[in-house]
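Grab a pencil and open the viewer. These exercises let you practise reading strands, helices and holes in a protein, one step at a time.

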Amino acid sequence: MKRVLVTVLIIVAVLMAAFGLAIAFGGPGELPAMPSVNNPFKNVDFSDLPAVSYFRARDGRDLAYRAYPAAGVASKGSVVLVHGSSASSSSMHLMVKGFAAAGYAAYALDIRGHGESGTKGQIAYIGQLEDDMEDFVHSMKLAQPSTLVGFSSGGGFVLRFAGSAKQKLFSNYLLLTPFISQGAATSRPDSGGWASVGVPRIIAISFLNGFGVHGFNDLPVIRFALTKENAKFLTPEYSFALAQNFRPERDYQANIRAVRQPLRVLVGQNDEVFYADKFASVFKTAGKDVPVTLLPGIDHISLTLDPAALQAAISAVESMDHESPNQAMERTATRRMFTFQIPKPFSRRAASALVSGRSSSSR
């Protein structure tokens, strides 16, 4: 018995040492800056960016958002946009402005841990982002129908929310090339060079979380390929808690199956962060009839900047506004992925005018 006890103690000591090493040294590594993600925003005109406003979250923290009033006398509804990893509300400026010009009351959020919302890279607990979203909805009293739109990691979070018990807070959901899971067919290694993930640290902290130990949840587990200049005002890394919350649930297929509201997915055909042609199969395997639209000539970041992509997003929301819940979400094996084509009456010149807030005939 004494020998067995000694053996058990040795095994426990080795495991504790392994977990300690994983937590201490198993974090994310450094990556060279990724030009296709860092550079496109240099050409964006932010001169008409709305000032930051704030709403009060349940923990007493004031969280940031930007509001874009709908063009016209009466709004067609409302659209709330969630930015991608490391970013903030300003990164969605052109898209939000496009929705406002199309007649929607539009909002862009600084998700907690980003921009002007809280401490960069940190949240207090997994699930806090859903609570924040609920607090925002109750604070704003959104015009109906309302749509929650998310890009990249923000799209993953929107999918998480769309499959949660709070999903009826929005009428519709639109995912823009969403992060699904590191285990999904859509994921490229290291997200195409965008993210370094500290897998040993994540495994160790996840194990401890399973036993109710959350003391290490504020340690960084993901680092992004930002330039030094951009890292000064964006969010260069995520804690374990933020990384686990700003994405779908771990069982992403169950998350997809739980969605009952209308849902659409838009993906750039030239996306370099995810495998664009795999999205349709991911949703089909989960058993959901989700329309997935591929946009020719569009890469990851241009999905939020290109006029044709912005019009595709507006069209997707307009189509969902005319659906009832479950109409497009029944189980099926017949849904196919299709490619978006710009209608002949809608030229790129007209698209640019829409995004800038002008009519196609104005100068």
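Below are four exercises on this predicted model, each with a worked solution.

**Exercise 1.** Work out whether strand β5 (residues 146-151) is enclosed or open, and find which strands pair with β5.

*Solution.*
- Step 1: Count the buried residues, where buried means under 20% relative accessible area. In β5, 6 of the 6 residues are buried, so the strand is largely enclosed by the rest of the structure.
- Step 2: Check each face. Ser 146, Leu 148 and Gly 150 are buried on one side, and Thr 147, Val 149 and Phe 151 are buried on the other.
- Step 3: Look for partners. Strand β3 (residues 78-82) runs parallel to β5 and is joined to it by 5 bridges. Strand β6 (residues 172-176) also runs parallel to β5, again with 5 bridges.
- Step 4: Zoom in on Gly 150. Val 82 stands opposite Gly 150, and Gly 150 stands opposite Leu 175 in β6.
- Step 5: Follow the chain from β5 to β6. The path goes through helix α5 (residues 153-162), and this β-α-β crossover is right-handed.

**Exercise 2.** Describe how strand β11 (residues 292-295) is covered and how β11 pairs with strand β10 (residues 263-268).

*Solution.*
- Step 1: Take the faces in turn. Val 292 and Leu 294 are buried on one side of β11, with Thr 293 and Leu 295 buried on the other.
- Step 2: Now the pairing. β10 and β11 pair in the parallel sense over 4 bridges, and Val 265 has Val 292 as its bridge partner.
- Step 3: Trace the connection. The chain leaves β10, passes through helix α10 (residues 279-285) and reaches β11, making a right-handed β-α-β crossover.

**Exercise 3.** Test whether the length of helix α11 (residues 307-321) agrees with what you'd expect, then see how covered α11 is.

*Solution.*
- Step 1: At 1.5 Å a residue, the 15 residues of α11 should span 21 Å.
- Step 2: Compare with the model. The end C-alpha atoms are 21 Å apart, which agrees.
- Step 3: Check burial. α11 is mostly covered, with 11 of its 15 residues buried, including Leu 310, Ile 314 and Val 317.
- Step 4: Look at the start of α11. A side-chain oxygen of Asp 306 comes to within 2.9 Å of the backbone nitrogen of Ala 308.

**Exercise 4.** Find the volume of the largest cavity and say which helix gives the most to its lining.

*Solution.*
- Step 1: Count. There is 1 cavity of 30 Å³ or more.
- Step 2: Size. The largest cavity has a volume of about 80 Å³.
- Step 3: Lining. Phe 55, Leu 109 and Arg 112 are among the residues that line the largest cavity.
- Step 4: Sort by element. β2 (62-68) and α4 (128-140) each supply at least two lining residues, and α4 gives the most, with 4 residues.

Conventions:
Residues numbered from 1 in each chain as written. Predicted model: local features only at pLDDT ≥ 70, side-chain atom pairs only at ≥ 80, totals over all residues. Heavy atoms only, no water. Buried < 20%, exposed > 50% of the residue type's maximum accessible area, 1.4 Å probe, protein only. Pairing = 2+ DSSP bridges. Right-handed = clockwise from strand over helix to strand, strands pointing away. Expected span 1.5 Å × (residues − 1). Polar contact = N/O pair within 3.5 Å; in protein donor to acceptor, adjacent residues only side chain to side chain. 1 Å grid on protein atoms, 1.4 Å probe; cavity = no way out; pocket = protein on both sides within 12 Å on 5 of 7 lines; lining within 4 Å. Points joined across faces, edges and corners; volume = space filled by probe spheres on them.
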